[in-house]
Amino acid sequence: RVLSCGLKDFCAHGGSPGEPVLVSAGAGGGGGGVGDKRVPKIASVVGILGHLASRHAGSIKQELLRMFHESLGAGRGEQHKATVPFLLQLALMSPALLGTVSAELVDSLKPPVLNQLQQHFSALPRDELDNLVGVVVHLLCQTSAGAFRILQFLVGTAMP
């Protein structure tokens with residue numbers, strides 16, 4: 001429910017597929033970006049998930065992965081389009097959430113899923129795609145757990 005409410009708020013306040021709100025991990029519930037009303041709510045979602053992670057890490061991981069895969073399905077509503085940027089924003093704000101799902105996410109990025117991602121974002125303008133790629137590269141650089149697996153995936157995927 002926390003993730004669902006966070007996604008709805010992200011969409012309601014202009015969460016666009018190529019432009020996640022880039023805030024630092026230290027942006028707590030009271031601070032936030034200048035003029036951006038989403039930051040406190042996203043920070044609250046991260047805080048709640050962080051609190052719940054001690055007892056429900058498996059459920060949180062499962063739900064994050066479910067949201068990711070479901071967003072690539074046939075539905076093309078605003079929430080489906082904004083799910084991946086929302087999840088990227090959560091990962092930017094919480095290294096713990098990123099570490100929770102990175103290994104399983106890499107394992108799930110098989111050719112059919114990569115094709116779905118390409119189709120999902122093919123209609124975005126170039127600058128929005130560049131923003132998404134920049135966020136993903138930043139997250140890859142932040143990931144320590146499973147870094148070898150990620151590098152193997154990148155090399156294996158890039159080879160013909």
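Student: Is Val136 buried, partly exposed or exposed, and what relative accessibility does Val136 have?

Tutor: Keep in mind that we're looking at a predicted model. Buried needs under 20% relative accessible area and exposed needs over 50%. Val136 comes in at 38% relative accessibility, so Val136 counts as partly exposed.

Student: Which helix holds Val136, and which residues make the nonpolar surface patch of about 320 Å²?

Tutor: Val136 is in helix H6. Helix H6 (126-142) and helix H7 (147-158) each put at least two residues into the nonpolar patch. The patch members are Val136, Leu140, Leu151 and Leu154.

Student: Zooming out, what pattern does the protein follow along the sequence?

Tutor: Count the elements: there are seven helices and zero strands. Going along the sequence, that reads α-α-α-α-α-α-α.

Student: What share of the contacts with a separation of 6 or more comes from residues 24 or more positions apart?

Tutor: A contact here means heavy atoms within 4.5 Å. Among the contacts in the protein with a separation of 6 or more, residues 24 or more positions apart account for 76%.

Student: How much of the protein is buried, and how much of what it exposes comes from carbon and sulfur atoms?

Tutor: Of the 160 residues, 38% count as buried. The protein exposes about 9100 Å². Carbon and sulfur atoms supply 60% of that exposed area.

Student: Which helix gives the most to the largest nonpolar core?

Tutor: The largest nonpolar core has 38 residues, and those with the most contacts inside it are Leu3, Leu64, Phe68, Phe86, Leu87, Leu90 and Leu139. Two or more residues of this core come from each of helix H1 (2-12), helix H2 (38-71), helix H3 (78-93), helix H4 (95-108), helix H5 (111-121), H6 and H7. The top contributor, with 10 residues, is H2.

Student: Take Phe86: which residues does it touch, leaving out those up to four places away in sequence?

Tutor: Phe86 is one of the residues with the most contacts inside the core. With residues up to four places away set aside, Phe86 touches Leu3, Gly6, Leu7, Phe10 and Met67.

Student: And Thr83: is it buried or exposed, and which residues is it in contact with beyond its neighbours within four places in sequence?

Tutor: Thr83 lies in helix H3. The buried cut-off is under 20%, and Thr83 has 5% relative accessibility, so Thr83 counts as buried. Outside its neighbours within four places in sequence, Thr83's contacts are Leu7, Met67 and Ser71.

Technical notes. Residues numbered from 1 in each chain as written. Predicted model: local features only at pLDDT ≥ 70, side-chain atom pairs only at ≥ 80, totals over all residues. Heavy atoms only, no water. Helix = DSSP H or I, 4+ residues; strand = E, 2+ residues; numbered from the N terminus. Buried < 20%, exposed > 50% of the residue type's maximum accessible area, 1.4 Å probe, protein only. Areas by Shrake-Rupley, 256 points an atom, 1.4 Å probe, with all protein chains shown as cover. Patch = residues over 30% accessible without salt bridge, like charges linked within 9 Å, V, L, I, M, F, W, Y side chains within 5 Å. Salt bridge = Lys/Arg side-chain N within 4 Å of Asp/Glu carboxyl O. Core = buried A, V, L, I, M, F, W, Y, C linked by side-chain atoms within 4.5 Å.
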